[in-house]
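Subject: Structure for you to look at

Hello,

Here is the structure I said I would pass on. Please look it over first; my notes on it follow below.

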Amino acid sequence: MVRRFVSLYFPFCVVEFGSTLGKRVCGIRVVRRGSGRNIGFGRALVREISWPVFSLVPVLGLLNSLWCCWDRPYQQCLHDKLPDTVVVDR
């Protein structure tokens, strides 16, 4: 039951508030790349589920984390590219 709550916590918070508690503390939020609006539940779910799935494949998990280092101009990781989201300052 706790896993279900945790797996829904991230998408719910990102949809409702634009960020999770940790992202709010850091002063960042997740938005759609084109419009800068809050993302919907489907995009949030894809974003939050894709990074653990990428981590199951050893090289892909590492690439996911490092992709933002050379991605220009948006500095998106792979789990941001899939749902077309970007992390911005509040």
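Aromatic rings

Across the whole structure, a search finds two aromatic pairs. One of them joins Y9 and F10 edge-to-face, with 5.2 Å centre to centre and 70° between the planes. Please keep in mind that this is a predicted model. Y9 has a relative accessible area of 25%, so it counts as partly exposed, since buried would require under 20%. F10 is partly exposed as well, at 30% relative accessibility. Another ring, that of F17, has R24 over its face, 4.8 Å from the ring centre.

Helix α3

This helix covers residues 41-56. Is its length what one should expect from 16 residues at 1.5 Å each? The expected span is 22 Å and the end C-alpha atoms of α3 are 23 Å apart, so the two agree. The helix has a kink of about 30° at S50, shortly before the proline P52. S50 is also one of the buried residues of α3, and the others are A44, R47, E48 and F54.

G61 and helix α4

Where does G61 sit? It belongs to helix α4, which runs over residues 58-70. G61 is buried, because its relative accessible area of 13% is under 20%. Apart from neighbours within four places in sequence, G61 is in contact with F54 and S55. F54 is itself among the buried residues of α3. From G61 to P73 there are 12 residues in sequence and 22 Å in space, C-alpha to C-alpha.

Regards

Conventions:
Residues numbered from 1 in each chain as written. Predicted model: local features only at pLDDT ≥ 70, side-chain atom pairs only at ≥ 80, totals over all residues. Heavy atoms only, no water. Helix = DSSP H or I, 4+ residues; strand = E, 2+ residues; numbered from the N terminus. Buried < 20%, exposed > 50% of the residue type's maximum accessible area, 1.4 Å probe, protein only. Contact = heavy atoms within 4.5 Å. Expected span 1.5 Å × (residues − 1). Bend = angle between axes of the 7 residues up to and from the residue. Phe/Tyr/Trp six-rings, centres within 6.5 Å; stacked < 30°, edge-to-face > 60°. Lys NZ or Arg CZ within 6 Å of the ring centre and 35° of its normal.
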